[in-house]
Amino acid sequence: MESNFEALAEAWPRILDGLWITLQLTLGGALLAMVIAVILGLGSRLRNIVLRGLCRAIMEFFRGTSLVVQLFFFFFVLPQLGLELPAMVCGILGLGLNYGAYAAEVVRGSINSVPTGQWEATTALSMSKSQQMIRVIFPQAWALMIPSLTNYLIHMLKGTAIVSFITLADLTYHTEQLREQTDTFFAYGVSLVIYFVIAYILTLVMNALEVRAKHRLGRGESLREALTPKTPETAAVEGGRKV
């Protein structure tokens with residue numbers, strides 16, 4: 001066991017480099033996926049049948065094809081067509097398009113879940129279509145979609161483990177290198193702990209966003225109140241108020 005920790009200490013700088021690659025892919029892919037999800041989610045609700053059909057086709061294509069094959073296409077096929085992209089760009093592009101296609105359905109479903117009365121109220125106030133969406137509908141839909149988006153974000157983190165196929169030395173790649181110097185249980189145990197810690201931090205951040213989004217809609221406590229430790233008496237009083 002002592003030799004395992006010595007090997008881990010020696011490999012730790014390389015593991016941190018791999019962790020940085022994993023974080024860049026996760027955060028970059030998440031930002032791109034969110035942009036794509038909003039565009040495709042809103043586009044799939046358009047009355048124009050051509051634009052709506054185009055958005056649906058893109059969603060179904062990237063949901064219906066393998067993420068590994070998409071990464072191979074961006075990294076190996078595009079250069080043959082005259083477009084050579086860095087491996088990191090290929091990774092972010094593949095993750096963003098694939099998970100963005102899934103998240104687009106979350107965006108569309110959340111917008112559709114906003115009560116009809118809210119749509120009618122915006123019409124009564126003579127709001128334009130963009131004002132309806134930006135000021136009233138999307139903030140409510142955003143609070144609804146965060147739990148599902150959190151799941152996709154965690155899935156994306158785990159999905160980055162395949163980028164070594166396109167020459168990126170991420171956390172999983174360096175775990176495999178560590179395994180050659182230690183036993184299998186130790187190497188993959190370390191990797192499991194690191195992935196779990198990252199996923200838990202991302203979940204906490206998304207939970208904070210959900211609390212903030214609901215509070216801005218007047219549904220629940222503020223983030224500061226949620227983070228404030230509560231005594232049993234305070235919790236009992238708040239529970240009584242909710243009832």
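Helices here are DSSP runs of H or I at least four residues long, and strands are runs of E at least two long, numbered from the N terminus. With that in hand, let us walk through this predicted model, beginning with the whole chain and ending with a few individual residues.

The protein has 10 helices and zero strands. Read from the N terminus, its elements follow the order α-α-α-α-α-α-α-α-α-α. The radius of gyration is 22 Å, well over the 18 Å expected from the globule rule for 243 residues, so the protein is more spread out than a compact globule. You can set this beside the dimensions of the C-alpha trace, which spans about 70 × 60 × 20 Å along its principal axes.

How is the chain packed and covered? Of the 243 residues, 37% are buried. If you take the contacts between residues at least 6 apart in sequence, 72% of them join residues at least 24 apart. The accessible surface amounts to about 14200 Å², and carbon and sulfur atoms account for 65% of that area. As for charge, the protein carries 19 positive and 17 negative charges, and the mean positions of the two sets are 19 Å apart.

Next, the annotations. An unreviewed UniProt entry gives the feature "domain: ABC transmembrane type-1" at residues 19-206. In the model, the chain over residues 19-206 is 80% helix and 0% strand, with its end C-alpha atoms 20 Å apart. The unreviewed UniProt entry also lists "transmembrane region" for residues 20-40, 61-79, 85-104, 152-173 and 185-209. Two of these spans are worth viewing side by side. Residues 85-104 are 90% helix and 0% strand, and their end C-alpha atoms lie 25 Å apart. Residues 152-173, in turn, are 50% helix and 0% strand, with end C-alpha atoms 22 Å apart.

Now for single residues, starting with Leu31. This residue belongs to helix α1, which covers residues 2-43. Is Leu31 buried or exposed? Its relative accessibility is 63%, and because exposed means over 50%, Leu31 counts as exposed. From Leu31 to Gly43 there are 12 residues in sequence and 18 Å in space, C-alpha to C-alpha.

Moving along the chain, two loop residues invite a look at their backbone. Ser126 sits in the loop between α5 (116-124) and α6 (129-159). Although Ser126 is not a glycine, its phi is positive, at about 60 degrees. Ser126 is also exposed, its relative accessible area being 64%. Thr167 is found in the loop between α6 and α7 (171-179). Here, too, phi is positive in a residue other than glycine, with a value near 75 degrees for Thr167. With a relative accessible area of 58%, Thr167 is exposed.

Our last stop is His174, which lies in helix α7. The relative accessible area of His174 is 12%, and because buried means under 20%, His174 is classed as buried. Which residues does His174 touch, leaving aside those up to four places away in sequence? They are Arg14, Ile15, Gly18 and Ala169. Of these partners of His174, Arg14, Ile15 and Gly18 have numbers that fall in the range of helix α1, residues 2-43.

Notes: Residues numbered from 1 in each chain as written. Predicted model: local features only at pLDDT ≥ 70, side-chain atom pairs only at ≥ 80, totals over all residues. Heavy atoms only, no water. Rg over C-alpha atoms; globule rule 2.2 N^0.38 Å. Buried < 20%, exposed > 50% of the residue type's maximum accessible area, 1.4 Å probe, protein only. Contact = heavy atoms within 4.5 Å. Areas by Shrake-Rupley, 256 points an atom, 1.4 Å probe, with all protein chains shown as cover. Lys, Arg positive; Asp, Glu negative; His and termini not counted. Charge placed at Lys NZ, Arg CZ, Asp CG, Glu CD. UniProt positions renumbered as here; feature names shortened; annotations may be inferred.
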